[in-house]
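User: I've got a two-chain model open and I'd like to know what the labels on it rest on. Could you take me through the reasoning behind them?

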Amino acid sequence: MSDQPARTNVGVGRVLILVYAVFALSATGRSLVQLIEKADEAPLAYGLSAFAAVVYIAATFCLAKPGPRTTPIAWIACTVELVGVLVVGALSIAEPSWFPDATVWSDFGSGYGYVPAVLPFLGLAWLFHTTRGERISGTPTPP
Amino acid sequence: MIDPLQTLLIVLSLVIAALATVYVVLDRPTGTLLLGSLGMLEGGLLVQAVIGIGQLAQGDGEGVNGLVFVGYLLGTLVFVPAAAWWALGERSRAGTAALIVVGLVVPVLILRLQQIWTAPGV
């Protein structure tokens, strides 16, 4: 039974993973377009876009397929995402010249209705909720 | 681009979101009404993609970023069935709640498409 350390892909997780998938898709799309069309114009912003895309893809996949190896990665991805949106959000306001073109995390994700700023909190809360439930009950509830 | 169809698709998506919300509140399983609406939406998105790519190929979109435009057209087309499959993979309240997300994301994608078409460079 311990091959499913956290049941992150059921219930509310279903909705959360879909939102993560939307961001994985849009961050990947944005990053690809930026890298294909104008990679050398703003290396920092475009590098960050690509990095954000990888983080979202990892979070989506690892939340959707919980396991002894994937769930820790989901924790890391959501934490990196939280740090990323806070640091990039703050820097994009303090030093706008560093970010001539927007990333998903610029201005705390204002271009995406601030969802990128809220999402990591929800992701971490959900991971915390599912792993804690597991430790208390010992056995996972059947699907 | 193709305003009447796109407006219709936005309304249809919002109806799907509203319908899914009602189902979640009443805690009822998804029925043919919701699935049929999703099918209609996907059909409409297919028409939108065909017309959009056609218009672009004819050189209608002056200065439109073709890569982004086609990316959005095809991305939206793939998103709806993929998300619906994921949402309906769990026949539960949460599964239906995921359909609300689908209904809310599609209008945003269509609005972005219109932005890309009418205001090149955005």
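User: Where does Asp107(A) sit?

Analyst: Asp107(A) is in the loop between α3 (70-94) and α4 (115-137) of chain A. Bear in mind that this is a predicted model. The phi of Asp107(A) is positive, about 50°, although the residue is not a glycine.

User: Why is Asp107(A) called partly exposed?

Analyst: Count the neighbours: Asp107(A) has 19 other C-beta atoms within 10 Å. Buried takes 20 or more and exposed takes 12 or fewer, so with 19 the label for Asp107(A) is partly exposed.

User: What about Phe108(A), and what makes that one partly exposed?

Analyst: Phe108(A) lies in the loop between α3 and α4 of chain A, and its phi is positive too, near 55°, in a residue other than glycine. For Phe108(A) the count is 18 other C-beta atoms within 10 Å. That falls between the cut-offs of 12 and 20, so Phe108(A) is partly exposed.

User: Which elements make up chain A, from the N terminus on?

Analyst: The run is α-α-α-α, with four helices and zero strands. Buried residues make up 41% of the 143 residues in chain A.

User: And chain B: how many helices and strands there?

Analyst: Chain B has four helices and zero strands. Its C-alpha trace spans about 50 × 25 × 25 Å along the principal axes, and 34% of its 122 residues are buried. Take the contacts in chain B with a separation of 6 or more: residues 24 or more positions apart account for 72% of them.

User: How do you know that the span of helix α1 of chain B agrees with what's expected?

Analyst: Helix α1 (residues 3-26) of chain B has 24 residues, and at 1.5 Å a residue they should span 34 Å. The expected span uses one less than the number of residues. The end C-alpha atoms of α1(B) are 34 Å apart, so the two values agree. Right after α1(B) comes Asp27(B), with a positive phi near 55°.

User: Which residues of α1(B) are buried, and what covers them?

Analyst: The buried ones are Gln6(B), Leu9(B), Ser13(B), Ile16(B), Leu19(B), Ala20(B) and Tyr23(B). Their cover includes α2 and α4 of chain B. As background, an α-helix has 3.6 residues a turn, so residues three or four places apart point the same way.

User: What makes Leu56(B) partly exposed?

Analyst: Leu56(B), in helix α2 (residues 32-57) of chain B, has 17 other C-beta atoms within 10 Å. Since buried needs 20 or more and exposed 12 or fewer, Leu56(B) comes out as partly exposed. Leaving aside residues up to four places away in sequence, Leu56(B) touches Gly61(B), Val64(B), Gly66(B), Phe69(B) and Val70(B). From Leu56(B) to Gly66(B) is ten residues in sequence and 7.3 Å in space, C-alpha to C-alpha.

User: Where is the kink in α3(B)?

Analyst: At Phe79(B), shortly before the proline Pro81(B), with a bend of about 25°. From first C-alpha to last, the 23 residues of α3(B) reach 33 Å, close to the 33 Å expected at 1.5 Å a residue. Phe79(B) is among the buried residues of α3(B), as are Val80(B) and Trp86(B). The buried residues of this helix pack against α1 of chain A together with α2 and α4 of chain B.

User: How many residues does each chain bring to the contact between A and B?

Analyst: Chain B brings 15 residues and chain A twelve. On the chain B side, α3(B) gives the most, with seven residues. By class, that side has ten nonpolar, four polar and one charged residues.

User: Which residues of the largest nonpolar core touch the most other members?

Analyst: Of its 66 residues, these are Leu18(A), Tyr20(A), Tyr56(A), Ala59(A), Val80(B), Leu99(B) and Val102(B). The largest share of this core, twelve residues, comes from α4(B). Take Val80(B): not counting residues up to four places away in sequence, it touches Leu38(B), Leu41(B), Glu42(B), Leu45(B), Val102(B) and Val106(B). In soluble globular proteins, nonpolar side chains tend to be buried together.

Methods
Residues numbered from 1 in each chain as written. Chains lettered and ligands numbered in written order. Predicted model: local features only at pLDDT ≥ 70, side-chain atom pairs only at ≥ 80, totals over all residues. Helix = DSSP H or I, 4+ residues; strand = E, 2+ residues; numbered from the N terminus. Contact = placed C-beta atoms within 7 Å. Nonpolar A, V, L, I, M, F, W, Y, C, P; charged D, E, K, R; others polar. Core = buried A, V, L, I, M, F, W, Y, C linked by C-beta atoms within 7 Å. Bend = angle between axes of the 7 residues up to and from the residue.
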